Every structure is written in structure tokens, then in C-alpha cells.
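Here are a few friendly notes to help you find your way around. Please have a look at the structure first, and then read on.

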Amino acid sequence: MDSIFPDHIDLNHCLITKKYAVYTPPMHDMILQIGDWIDQQKSGGYIYGASRLGKSRCIQWHLKEVLENRFNEVLPLVVWNHRPDSYKSEVFFWYQLLAASKFKFISPNKLPKRTEMIYMCLQRFIAIANNANRSYVILLIDEAQDMSFDEWKWLVGFQNELDYNGVSLSVFSVGSHQLNYRHEFMASTGNAHIAARFMAAHFQFHGLKSQDEVEYVLNGYDADSEWPPKTGISYLQYFSPEDFSEGLRLSNSSQDLWRALIELAPSGVTSKKYEFPMQHVARTIESILFQLAKGRDWGSATSYKNWLTELSKTNFSDHMRIISNS
């Protein structure tokens, strides 16, 4: 598909490579909540929500910048993208934490002993706090639904050890709906101390819930975006400069896109439960922009029929059916 773009389209554009995330109202709410937890010096908290809503994209592309703008300082923040295979051994667990902290002087092929790994992690996190002139470190765990009980227990000990050395550790975890039940299960199986530390505070990450939120997202492609960097050229302006110069905007199609989302939603999803995943919305908008770049006229590309057609190609209905029954 990429080969049929006009010659002036750079195939390294972030929309083509998918290395981007438009800022959304649910992302804003999530970052606001994390910022409040930091202000309150919470020892832990978890954020849960169905897949494909935009949680990981928020962490990857917006979290650090928005938080640092809020606090007007560099934050001692470590982001760990937890993988299902992360739990191999305790030594490997400590290696994963070091890697997440961007510690470069260690190889997974030759790991030190457990006690040395714990010491290295401790010193690394203390150094992160000191370098930020703070007495705390924030550990944010993405895909935390796959964390084992042993990993949570090791974090308890690590938090205790850091506290003994004058550094507070806040652990904020992000994952699927499974996390919503994990704290109750921990409390009922003799692990209430873990739930109390890391899961007492919680927040649900929502999908797009209204036409206004869809319009906000579309405006991100119209105006609140930029590529190439530092050019001021929005995504719409890049892919369809003539339409952009004529004042045409995707945000004017918010009603049609919202209507398409509702029409393709499973019949069991009521109006009170509309929460649409950002990934499918993003893929649909990208398709419209790519059509415009290839010469399709604005009226045809942004018609209700075309929004409906392109959204259906993303397997949106199947995904909604799955998450609605979870």
C-alpha cells in the first residue's frame, strides 16, 4: 500500500510508521489522575481499562511531557513495559527493573547474583531520585495484569529498602480489566498488605464516550499535531495541503464518525456504555488521510459512507463485541 503514495509523501511519516499518538480526553484524565497521586504521595495505584483504548500509547508518547509540564520539573520517573515472559527468575526481575531505568552497564547474557542485582537496583533508583533533586521515585508498570505475586512481593521489599534509605517509591500500574479484580483476590488470599500498598487507589481508563471527544481527536489531526518535527505542519496539512489551505477540516466530520461508531457497535452495547477504542478510530482517520493524499476528493473521502466503510475494515465490531462481554 505504501508504494502507491505520491512521491512527495515521506514513507517515514509517523502516521505511516504508526509511531505517534494523538492526545485524547481519556489520556488527559489518566495523566491528571497520576499527577494527583504524585501530589498525594501515594505508595501505589492502578489504572485499568479494556485493550486498545490508548493506555500504552499515552504512556509512550505523552505521559512524561505532560507531567513535567504540570510540575515544571524533571520527574524521577521509571517506566517499565512488563512482558508476559518477564517472570523467569528473581534475578531477571531485577534486570528488567534496571533495564527500565535505562541502566546500560549490564547484559542479560551475564547477570550478577541476586544480592548484587538488588544492590544495583537500589543504588540506581537512589541515584535517579538524587539526580532529580527529589526524595522519591515513580515506577510506572505498563501491562501490569501479568505481574506475578512474587514480583509484587519483591516490590514490597524494594519499597521498604528504598524507604530505609530516605527515598519513597510510588508504584503505579496500568493494565487490563483483570487488575480490577487482582486487589480483591490478593486481599482474600493473605496478601492484603500488597493490595493496600499498590492497589488501594484506582482509576478506570475510558474509551471515547461522545461526539465532542471524537471532535477533539479529529482536531488533533487537523491542527494539534506536527510532522516533520518543528515545522508546524499538522497531519492533515501534510497529507492534503490543498484541502487544508481551503479551510476544510476533519473535525467537521465528527458527527459522521460518531454515527458510524454507533452503527457498527454490537447491539448489546447500550448508549450508556459507549466507550470506543482509540486504535480503531486512529486507523480509520489514517485511511481517510491516505486517500486524500492519493487524490481522492474531500467530499467523497469524508462522506458518512466512507467513514463507515473504513471503520468496518478495522474489525471494530468484533473488538467491541469481545470487550463488551469481558
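The points below take up a pair of helices, then one of the two helices, then a single residue.

1. Please keep in mind as you read that this is a predicted model.

2. A good place to begin is where helix H6 (residues 114–131) packs with helix H7 (residues 149–164): the angle is about 55 degrees and the axes are 11 Å apart. H6 and H7 are therefore oblique to each other. Their crossing is right-handed.

3. Which residues make this contact? From H6 come Cys-121, Leu-122, Phe-125 and Ile-126, and they meet Phe-158, Glu-161 and Leu-162 of H7. By type, the contact of H6 with H7 has 6 nonpolar residues, no polar ones and 1 charged.

4. Now follow H7 along its length. Its 16 residues reach 23 Å from the first C-alpha to the last, close to the 22 Å expected at 1.5 Å a residue. Buried residues in H7 include Trp-152, Trp-154, Leu-155 and Val-156. Phe-158 and Leu-162, which take part in the contact with H6, are buried too. After H7 comes Gly-166, with a positive phi near 85 degrees.

5. Finally, turn to Tyr-304, which sits in helix H16 (residues 304–312). Is Tyr-304 buried or exposed? Its relative accessible area is 15%, and because buried means under 20%, Tyr-304 is buried.

6. What does Tyr-304 touch, leaving out residues up to four places away in sequence? The partners are Asp-256, Arg-259, Ala-260 and Glu-263. Leu-257 is 47 residues from Tyr-304 along the chain, yet their C-alpha atoms are separated by 7.1 Å.

Note on methods. Residues numbered from 1 in each chain as written. Predicted model: local features only at pLDDT ≥ 70, side-chain atom pairs only at ≥ 80, totals over all residues. Heavy atoms only, no water. Axes fitted to C-alpha atoms, helices over the stretch in contact; angles between N-to-C directions. Helix = DSSP H or I, 4+ residues; strand = E, 2+ residues; numbered from the N terminus. Parallel < 35°, antiparallel > 145°, perpendicular 65-115°, else oblique. Left-handed = near helix turned anticlockwise from the far one by under 90°. Contact = heavy atoms within 4.5 Å. Nonpolar A, V, L, I, M, F, W, Y, C, P; charged D, E, K, R; others polar. Buried < 20%, exposed > 50% of the residue type's maximum accessible area, 1.4 Å probe, protein only. Expected span 1.5 Å × (residues − 1).
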